[in-house]
Amino acid sequence: PLRLLARGHGPRQRLDQERLPAFVGRAMGDLYAHLGRHGVPPRGEPFVIYHAFGPDGVDAEVCVPVPTAVPMNERIDYRVLPAATVVETLHIGPYDELGRAYGALAGWIGDHGFEVAGAFRERYLNEPGPGVAPATYRTIVQIPIEPVREPVG
């Protein structure tokens with residue numbers, strides 16, 4: 001299990017894809033400021049859980065792992081993410097090329113007798129900013145999996 005601090009209207013927000021980068025940046029800033037106010041250091045890289053991602057919008061939850069419970073407010077939530085088996089890959093490059101990583105994982109899942117068992121996650125090992133070229137972004141893409149269930153009967 002992973003303890004996390006999440007931000008959105010409640011812990012999540014549904015929005016148009018073009019608004020996603022601004023939302024993620026703002027949410028991460030809010031989460032780290034909240035941790036600072038409460039003297040709680042993060043325990044690991046920030047990540048986003050994508051509960052839905054498609055042409056009709058994105059349902060995203062921005063998260064920071066924490067070592068202990070953290071006070072909540074109307075926009076910031078604390079919860080424990082249950083343990084899961086995931087398949088993952090490291091993507092190095094711009095965010096707009098992450099589709100290749102998802103495609104590779106989807107192929108592996110199908111080829112190895114698994115199916116998707118939860119929301120996709122992206123862990124950000126470095127962050128955009130001055131002096132950070134998009135070609136050097138490092139993102140771990142994770143997809144929860146479980147063995148394909150054989151049909152009964």
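Which residue follows helix 2, and what is its phi? Helix 2 is followed by G113, whose phi is positive, near 75 degrees. Since this is a predicted model, let's walk back from that glycine into the helix and see what surrounds it.

Helix 2 covers residues 98–111, and its length is easy to check: at 1.5 Å a residue, its 14 residues should span 20 Å, and the end C-alpha atoms are indeed 20 Å apart. Along helix 2, the buried residues are L98, A101, Y102, L105 and I109. Viewed down the axis, these buried residues fall within an arc of 95 degrees, so they line one face of helix 2. The spacing makes sense, because an α-helix has 3.6 residues a turn and residues three or four places apart point the same way. On the face turned away from the buried side, helix 2 carries the exposed residues G99, R100, A104, G110 and D111.

What do the buried residues of helix 2 pack against? Their partners are strand 3 (47–54), strand 6 (86–92), strand 7 (114–116), strand 8 (120–124) and strand 9 (138–147).

Now for the nonpolar interior. The largest nonpolar core has 29 residues, and those touching the most other members are L20, F23, V24, V48, Y50, A60 and V62. Two or more residues come from each of helix 1 (20–38), strand 3, strand 4 (57–65), strand 5 (76–81), helix 2 and strand 9. Helix 1 gives the most to this core, with seven residues.

Take V48 as a closer look: leaving aside neighbours within four places in sequence, V48 is in contact with V24, A60, E61, V62, F120, R121, E122 and Y124. Apart from the largest core lies another one of five residues, including A6, F47, I49 and L81.

Technical notes
Residues are numbered from 1 along each chain as its sequence is written. This is a predicted model: local features need pLDDT of at least 70, side-chain atom pairs count only at pLDDT 80 or more; totals for chains, interfaces and linings use all residues. Side-chain values use heavy atoms; hydrogens and water are left out. Helices (H or I, at least four residues) and strands (E, at least two) are DSSP runs, numbered from the N terminus. The expected span of a helix is 1.5 Å times one less than its number of residues. Buried means under 20% relative accessible area, exposed over 50%, partly exposed in between (1.4 Å probe, protein chains only). The arc is that of the directions from the helix axis to the C-beta atoms. Contact means heavy atoms within 4.5 Å. A nonpolar core is a set of buried Ala, Val, Leu, Ile, Met, Phe, Trp, Tyr and Cys residues joined through side-chain atoms within 4.5 Å.
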